[in-house]
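Student: Please take a close look at one loop and at what is placed around it. I should like a connected account that begins with the terms it depends on and then works outwards to the rest of the chain.

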Amino acid sequence: MKDADCVAFLQWALPRLGLRWPGFRKVRRQVCRRIARRLETLGLPDLVAYRSRLEADPAEWAALDALCHITISRFLRDRAVWEALVRDVLPTLARAALARTDRRLRAWSAGCASGEEPYGLAIAWALAVRPELPDVALEIVASDADDAMLRRAASACYAAGSLRELPAPWRMAAFERRAGTFCLRARFREGIELRCEDVRVDQPEGPFDLVLCRNLAFTYFDAEAQRDFLGRIAERLRPGGALVLGRHERLPEDERFAPWPAAPCVFRRCGVEARA
Ligand SMILES: C[S@@+](CC[C@H](N)C(=O)[O-])C[C@H]1O[C@@H](n2cnc3c(N)ncnc32)[C@H](O)[C@@H]1O
């Protein structure tokens, strides 16, 4: 399949899925390879035939949507963000939980891939935050639309490359070597719920103190889907809570969110919590 043909096809198809071409520009080859395999499976000669198939068969759009999931992730991706989370954001959220006598912090990792993000959060919490704030427990809900990714998350074993941004003492504390892979020790998986959900359709019930939505909605969704999903996040995030984006993502203009001081890619949910 020629790159130019695949690009033209994606520029036609992505907006119909509520997705945006610029988000896919750099990663398109991965998607184009999957589409080529799909054509083989369907016995179709080229993208013109696939386009006719999509126009005739609405169910095929769901298959194409699944081919567009970009699943790259790794532990503590974007170290500067994690340093700010550990130094300031998580302790601030934990102290706010204590002030409302909650002793429990709830986080949602939306688009969690194979677990690198929620497990990275659990490791950072257990090794760097909890020792100072032992009375607060962290619960994490992690959702992804891709069932295969969630099965890998459930097995929690990773190649060395996925761990390359983890400080060595954290890697040694959190993982054990098994058959050439690094498997997360059981205590770092406690309090983490994995859910297979399309964030455009289903979102876990709030309130959350922290939402990580990195390298998903604000990269791949079109403007309308971004605004819609941001509304869902705003409904689920407590006032004073934090929303974390990916390093190359921009938050749509929204008066419910303001940059978290000195924490790159982190936004504070504005407003005051209603008292019970
Ligand atoms: C690029 S990965 C990002 C993983 C992690 N958040 C990070 O930044 O390292 C994007 C993840 O979002 C998932 N995804 C894509 N579309 C989704 C949707 N509509 N609902 C839920 N998950 C989705 C993909 O399966 C993939 O695992």
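Tutor: Strands in this account are DSSP runs of E with at least two residues, helices are runs of H or I with at least four, and both are numbered from the N terminus. The model is a predicted one.

With those terms, Cys265 can be placed in the loop between β9 (257-259) and β10. The backbone of Cys265 has a phi near 70°, a positive value in a residue that is not glycine. Cys265 counts as buried because its relative accessible area, 18%, falls under the 20% limit.

One partner of Cys265 leads into the sheet region of the chain. Val244, in strand β8 (residues 237-244), is in contact with both Cys265 and Val266. Setting aside neighbours within four places in sequence, Val244 also contacts Val81 and Leu85, together with the run Leu210, Val211, Leu212, Cys213 and Arg214. Val244 has a relative accessible area of 0%, and is therefore buried. From Val244 to Arg268 the separation is 24 residues in sequence and 9.0 Å between C-alpha atoms.

Further along the chain, Cys270 belongs to the segment after β10 (266-269). At 22% relative accessible area, Cys270 is partly exposed, because that value lies between the 20% and 50% limits. Beyond four places in sequence, Cys270 touches Pro239 and the stretch Glu255, Arg256, Phe257 and Ala258. By contrast, Cys270 and Ser114 are 156 residues apart along the chain, and their C-alpha atoms are separated by 31 Å.

Two other loops supply backbone features to set beside Cys265. Ala179, in the loop between β4 (175-178) and β5 (181-184), also has a positive phi, about 45°, although it is not a glycine. Ala179 has 83% relative accessibility and so counts as exposed, whereas Cys265 is buried. In the loop between β6 (192-196) and β7 (208-212) lies Pro207, which is joined to Gly206 by a cis peptide bond with omega about 0°.

The largest pocket comes next. Its volume is about 1,100 Å³. Among the 44 residues of its lining, those closest to its centre are Asn215, Leu216, Thr219, Tyr220 and Glu249. The elements giving two or more residues to this lining are α2 (21-24), β2 (137-144) and α10 (217-220). By class, the lining holds 17 nonpolar, ten polar and 17 charged residues.

The helices towards the N terminus complete the account. In helix α1 (residues 3-13), the residues Cys6, Val7, Phe9, Leu10, Trp12 and Ala13 are buried. These buried residues of α1 pack against α2, α3, α4 (47-56) and α5. Two of those partners also pack on each other: α3 (residues 28-42) and α5 (residues 60-67) have axes 9 Å apart and an angle of about 145° between them. Their crossing is right-handed. On the α3 side the contact involves Val31, Arg34, Ile35, Arg38 and Leu42, and on the α5 side Glu60, Ala63, Leu64, Ala66 and Leu67. Seven residues of this contact are nonpolar, none is polar and three are charged. An α-helix has 3.6 residues a turn, so residues three or four places apart point the same way.

Arg34 shows this contact at the level of one residue. Arg34 sits in helix α3 and, at 17% relative accessibility, counts as buried because the value is under 20%. Apart from residues up to four places away in sequence, Arg34 touches Ala66 and Leu67, and also Cys68, His69 and Thr71. Arg34 and Leu67 are 33 residues apart along the chain, yet their C-alpha atoms are separated by 6.2 Å.

To return to the starting point, Cys265 is a buried residue with a positive phi near 70°, and it is among the contacts of the buried strand residue Val244.

How values were computed
Residues numbered from 1 in each chain as written. Predicted model: local features only at pLDDT ≥ 70, side-chain atom pairs only at ≥ 80, totals over all residues. Heavy atoms only, no water. Axes fitted to C-alpha atoms, helices over the stretch in contact; angles between N-to-C directions. Left-handed = near helix turned anticlockwise from the far one by under 90°. Contact = heavy atoms within 4.5 Å. Nonpolar A, V, L, I, M, F, W, Y, C, P; charged D, E, K, R; others polar. Buried < 20%, exposed > 50% of the residue type's maximum accessible area, 1.4 Å probe, protein only. 1 Å grid on protein atoms, 1.4 Å probe; cavity = no way out; pocket = protein on both sides within 12 Å on 5 of 7 lines; lining within 4 Å. Points joined across faces, edges and corners; volume = space filled by probe spheres on them.
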